[in-house]
Structures are given as C-alpha cells and as structure tokens.
Amino acid sequence: MPSPRSADQPAVQPPRRGTVDALISQTERLRGRVDAVRRDTTTAGLDGRNDSQLRWQRALCDLAVHHLDDLGQHLGQLREGLPEPRTGDGGARTADAPPAEPVRPRAPRDSLLSRVGSAEWNLLTDEVVWSDELCRIFGRDPRDGGLSLDELPSWVLPEDQPVLTGMVTDCLVDGKPVEGEFRVVRTDGAVRTLHLAGEPVFHADGSTASMWAVLRDVSELRRSQRAVHETQDSFQRQRYAARAEHRLAVELQEAVLPPWRGSLRLPDSGAPGRPARDSGLDLAAHYLPSETSARIGGDWYDALELPDGQTLLSVGDLTGHGVTATSGMAMLLGAVRGMAVAGIDPGPLMDRLNQLLGVSSQPALGSAVCGRYDPRTRTLLWAQAAHPAPLLFRGGTGRALTPPGGVLLGATTGAAYTQAEVRLEPGDLLLMHTGGLAPDAGAATERLLALAPRFTAARGAQDCVRTVVEAFGDERREGDACVLIARVGP
C-alpha cells in the first residue's frame with residue numbers, strides 16, 4: 001500500500017487504463033511464446049535429448065516465465081487500482097456525483113496476486129497494518145493481523161536476521177529507503193524468500209512517523225535462478241572436462257602416430273660399419289579428422305622397418321572416441337610393433353591381437369590390416385580383420401586386393417586369421433586406409449580407384465596423399481580416418 005513520504009508531496013497521477021491494458025496484453029503474448037519454447041525443450045527431453053545444454057535452456061525458460069508472471073502480476077495490481085468510469089442511465093456520470101470507489105476483487109489464495117503484500121508499522125501509535133495477501137504469504141490468518149517489528153525477527157532464519165535488522169535501522173533511524181531479501185519460516189514449516197522494498201514516512205516535524213513496505217514472495221523466482229546457475233555451472237564443468245579430454249586425446253594420438261610432414265623413406269637401420277638397408281618404399285600418410293574435429297577416435301597408421309630388413313605396414317581402427325579409444329589404440333599399436341619385431345607373421349599376429357582385445361579391461365572392437373613387405377622379393381604378406389582391403393594401383397588402373405579371411409578383432413575368441421601374399425612391381429602404389437573416409441565404404445573405394453590416373457602422374461607418395469585429401473578432405477565424416485600410401489621404388 002503506497003504511502004507518501006510526507007503530506008506536502010503532491011500526489012502522483014495514475015497511469016491511464018488503456019496503457020496498462022496494452023502492457024498486460026503484450027506481457028501475456030510474450031509469456032505465451034516463452035511457454036511454447038519451454039514446451040519444445042521439454043518435448044526434446046522426452047525424445048532422449050537430455051544433455052546439459054537442454055537442461056540449461058529449460059531452466060532459463062522457467063526463469064523467464066517467472067519474471068513475466070511477476071510483471072503481469074504488478075501490472076494487474078496497477079490496473080485494479082485505476083478508477084473505472086461510472087455511467088448513469090444516459091451513459092455519462094453526473095457532475096455532482098462523486099466518483100465511485102474502484103471494485104478491487106480479492107485475489108485467490110494461489111493466484112499470482114497473492115505473491116505480493118504490503119505492510120505499515122506506525123511508530124507513534126504502534127499500529128500494525130498488513131494486507132491480507134501478506135498475511136497469507138506468512139501463512140497467517142488475516143484476522144490475526146500482522147506482526148510487529150519486534151515479533152518479525154523471530155520468523156526470520158537466524159542467518160538472515162542481521163539483514164532485516166539493518167534494513168529496519170536504516171529506514172527508521174537514518175530515514176533512508178531500503179531494499180533487501182530475507183527468508184522466513186512459516187508455521188507449516190515452509191521457508192519462503194521475501195523481497196522487501198520500504199520507505200520511511202515522515203511527520204510534519206521531519207521525524208520518522210512510520211515505515212511502509214511492499215513485500216514480494218520471490219521463492220519460486222530464486223529457485224529458478226539457482227537452477228539456472230547450477231545448470232550453467234554443470235554445463236561449464238562438463239564442457240571444460242570435454243575440452244580437457246579432447247586435448248589429452250589429441251596429445252596421445254600425436255605422440256603415437258608417426259609425425260610425418262612429407263614424403264618419407266624409412267630411416268636407414270644398418271649397424272655401424274655395415275651397409276644400410278633400404279626398404280625401397282616411398283611412404284606418406286595423413287590423418288583426416290571428423291567433421292567437428294572433436295571426435296578423436298582410435299584410427300592409426302604405421303610403418304616400421306623390421307630387424308630382418310622387411311617393412312611393417314599397418315592401418316586400423318578401434319571403436320569409440322576420446323581418451324579411451326586413443327589409449328586403446330596406443331596399446332594395440334604397441335602390440336603390433338612388438339610382435340612384428342619378434343618376427344610374427346601377419347596372420348598369427350592378428351590371432352594374438354584378437355586375444356589381447358578379448359582379455360582387455362576395456363572391451364572394444366577393432367578392424368585392421370597388417371602386412372610385411374620384403375624388398376628383396378618385392379612381396380607383401382598381409383592379413384586383415386574385417387577391414388577395407390588395400391588398393392593396388394599399377395599401370396594407370398587400380399583394384400582392391402582379394403582379402404584373406406578375418407573377423408573383427410575382439411568379436412569372438414578363437415577366431416582364425418589367414419594371410420595372403422601378393423608380388424609387387426617397381427612403380428606399384430599400395431594404398432591402405434581406414435573405413436571413415438566417407439559414409440559409404442563401397443563408394444569410397446570406387447572414388448579411390450577413380451584416382452588412378454592422378455596417382456600415375458604424381459611425383460611421389462606425398463603427392464598421392466594430397467590427391468586423396470583433396471578428394472575427401474571436405475567429406476562430412478562422423479569419425480576420423482587415416483590413409484597410408486607406399487610406392488615401390490625401382
């Protein structure tokens with residue numbers, strides 16, 4: 001219940017009813033639109049989308065609805081206080097007829113209007129006047145009246161009592177307008193958060209005669225704000241954790257995969273005083289990230305000159321993404337290298353990789369191609385596990401090698417992997433890749449084979465890799481992919 005700060009202050013002219021009605025209509029329309037957005041986010045959650053972003057959106061919509069509800073409530077109270085034009089029989093009020101009191105309907109107990117009440121504490125008469133709405137906010141019967149300033153602190157939570165005391169002191173002693181929030185415990189045990197905005201009312205001699213205040217129940221609003229803050233904090237924590245995991249996965253991948261930046265012959269590995277061996281292969285490789293570059297997976301490529309002078313060539317893909325996939329890939333690649341150095345042929349090597357994944361603490365499935373190239377005979381002995389077969393390009397045309405038998409690594413225990421042998425010729429180009437170059441693996445193979453004329457015209461393996469990147473670099477890949485090219489020297 002507004003009160004003038006002094007008797008000499010002129011009365012404020014009330015706003016026009018039409019203006020208030022227009023504002024109420026705009027508020028209602030806006031609230032309807034926000035509520036529609038809130039329903040959409042709820043429907044998305046029912047469809048299975050229950051991520052942090054969606055929960056944050058719902059919390060923000062709830063908060064916006066509460067704000068618009070409060071605005072509509074205040075505008076409604078303002079409209080209720082505006083005088084209605086009264087008409088006589090002829091439709092116009094007579095000049096000598098006094099204006100009628102506006103009809104102020106009582107707010108329902110659970111309506112928006114019941115969230116706001118007013119109070120006045122008179123220091124001269126000790127009279128306490130509370131609105132019915134404020135009594136209901138406190139859980140009191142309006143017939144019992146309001147609480148005095150001495151009684152009020154006993155209803156306030158102990159940690160909030162200094163806030164209330166400070167506001168009352170500032171208003172009554174210092175004569176300042178006050179504003180703040182505190183929590184009260186009702187007789188039914190419910191805790192409500194109240195926002196108080198008050199002013200001193202001065203006596204003619206300048207002393208403080210009373211304190212009046214408007215108190216608003218903002219419990220639901222504060223709950224919505226806390227939900228927004230908690231959801232936002234949770235979302236930020238998850239986003240930070242995702243970035244940290246992505247960075248770790250990238251670092252692990254870069255540490256494991258050969259850091260090739262151009263066409264590269266394998267390093268000479270001859271012992272001191274002995275002639276160095278040459279694999280006779282011109283090698284180049286490239287890693288193609290996923291469309292978002294955030295789904296670091298378990299794809300790998302590798303080439304390693306072995307102690308017997310042969311060359312290990314392998315590509316593979318482990319299921320999953322993130323640190324789990326890259327760490328599993330590192331473990332698998334280490335096993336491939338170790339067994340190849342120990343002289344194990346590709347077929348038995350695949351058998352052991354399958355056993356390794358079967359007993360791993362983090363079960364996963366994998367596909368791979370592994371081959372040993374002998375530069376003395378120019379033969380490739382290779383095996384595969386449910387992986388795209390290597391492509392052989394010769395004389396301007398290409399074909400996929402006929403794959404030996406082999407199932408997914410980790411799919412079943414005791415699986416047998418056979419191996420095949422192919423003789424290569426000088427100038428041949430061998431292309432090995434993982435299955436993520438394009439969504440359709442069969443179409444990807446056809447597109448790679450169609451690059452045969454460009455491979456023939458290329459000056460080296462690195463030019464061939466650039467050709468593949470140009471053809472597939474803009475592909476919308478859900479996962480990452482690798483390509484390894486080996487060109488047989490003269």
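Here are some numbered notes on the predicted model shown above.

1. **The overall picture.** Let's start with the whole chain. It has 490 residues, and 42% of them count as buried. Along the chain you can pick out 10 helices and 15 strands. Now look at contacts between residues at least 6 apart in sequence: 65% of these join residues at least 24 apart.

2. **The largest nonpolar core.** In soluble globular proteins, nonpolar side chains tend to be buried together. Here the largest nonpolar core has 25 residues, and the members touching the most other members are Trp121, Trp130, Phe138, Phe182, Leu196 and Leu215. Which elements supply at least two residues each? The helices are H3 (132-137) and H4 (161-172), and the strands are S1 (116-122), S3 (178-185), S4 (191-202) and S5 (208-217). H4 gives the most, with 5 residues. Apart from this core lies another one of 24 residues, including Leu306, Leu318, Leu357 and Ala415.

3. **Trp130, a good residue to click on.** You'll find Trp130 in strand S2, which covers residues 128-130. Is Trp130 buried or exposed? Its relative accessible area is 10%, and the cut-off for buried is under 20%, so Trp130 is buried. Skip its neighbours within four places in sequence, and Trp130 still contacts Ser118, Ala119, Trp121, Cys135, Phe138, Arg140, Gly146, Leu147 and Leu152. Try Ala213 as well: Trp130 and Ala213 are 83 residues apart along the chain, with 9.7 Å between their C-alpha atoms.

4. **Pro153, in a loop.** Pro153 sits in the loop between H3 and H4. With a relative accessibility of 23%, Pro153 counts as partly exposed. Which residues does Pro153 touch, not counting those up to four places away in sequence? The answer is Gln161 and Leu164. For Pro153 and Leu164, the separation is 11 residues in sequence and 7.4 Å in space, C-alpha to C-alpha.

5. **Asp70, a buried residue in H2.** Helix H2 spans residues 52-80, and Asp70 lies in it. Asp70 has a relative accessibility of 6%, so it counts as buried. Beyond its neighbours within four places in sequence, Asp70 is in contact with Arg115, Arg216 and Leu221. You can also look across to Val116: the C-alpha atoms of Asp70 and Val116 are separated by 9.3 Å, while the two residues are 46 apart along the chain.

6. **Val228, in H5.** Val228 belongs to helix H5, residues 219-256. Val228 counts as buried, at 5% relative accessibility. How many residues apart in sequence are Val228 and Cys61? The count is 167, and in space they are 9.4 Å apart, C-alpha to C-alpha.

7. **Two residues with positive phi.** Arg378 is not a glycine, yet it has a positive phi of about 55 degrees. Look for Arg378 in the loop between strand S9 (366-374) and strand S10 (379-385). Its relative accessible area is 27%, so Arg378 is partly exposed. Then go on to Ala386, also not a glycine, with a positive phi of about 50 degrees. Ala386 lies in the loop between S10 and strand S11 (391-394). Ala386 counts as partly exposed too, at 41% relative accessibility.

8. **How H8 and H10 pack.** Two packed helices are described by the angle between their axes and the distance between the axes. For helix H8 (residues 441-449) and helix H10 (residues 461-472), the axes come within 11 Å and cross at roughly 135 degrees. Why are H8 and H10 called oblique to each other? Angles over 145 degrees count as roughly antiparallel and 65 to 115 as roughly perpendicular, and roughly 135 degrees falls in neither group, so this pair is oblique. The crossing of H8 past H10 is right-handed.

9. **Who meets whom in that pair.** From H8 come Ala444, Arg447 and Leu448, and from H10 come Val468, Ala471 and Phe472. How many of the residues in this contact are nonpolar, polar or charged? There are 5 nonpolar, no polar and 1 charged. Arg counts as charged, and Arg447 is one of the H8 residues in the contact.

How values were computed. Residues numbered from 1 in each chain as written. Predicted model: local features only at pLDDT ≥ 70, side-chain atom pairs only at ≥ 80, totals over all residues. Heavy atoms only, no water. Core = buried A, V, L, I, M, F, W, Y, C linked by side-chain atoms within 4.5 Å. Buried < 20%, exposed > 50% of the residue type's maximum accessible area, 1.4 Å probe, protein only. Helix = DSSP H or I, 4+ residues; strand = E, 2+ residues; numbered from the N terminus. Contact = heavy atoms within 4.5 Å. Axes fitted to C-alpha atoms, helices over the stretch in contact; angles between N-to-C directions. Parallel < 35°, antiparallel > 145°, perpendicular 65-115°, else oblique. Left-handed = near helix turned anticlockwise from the far one by under 90°.
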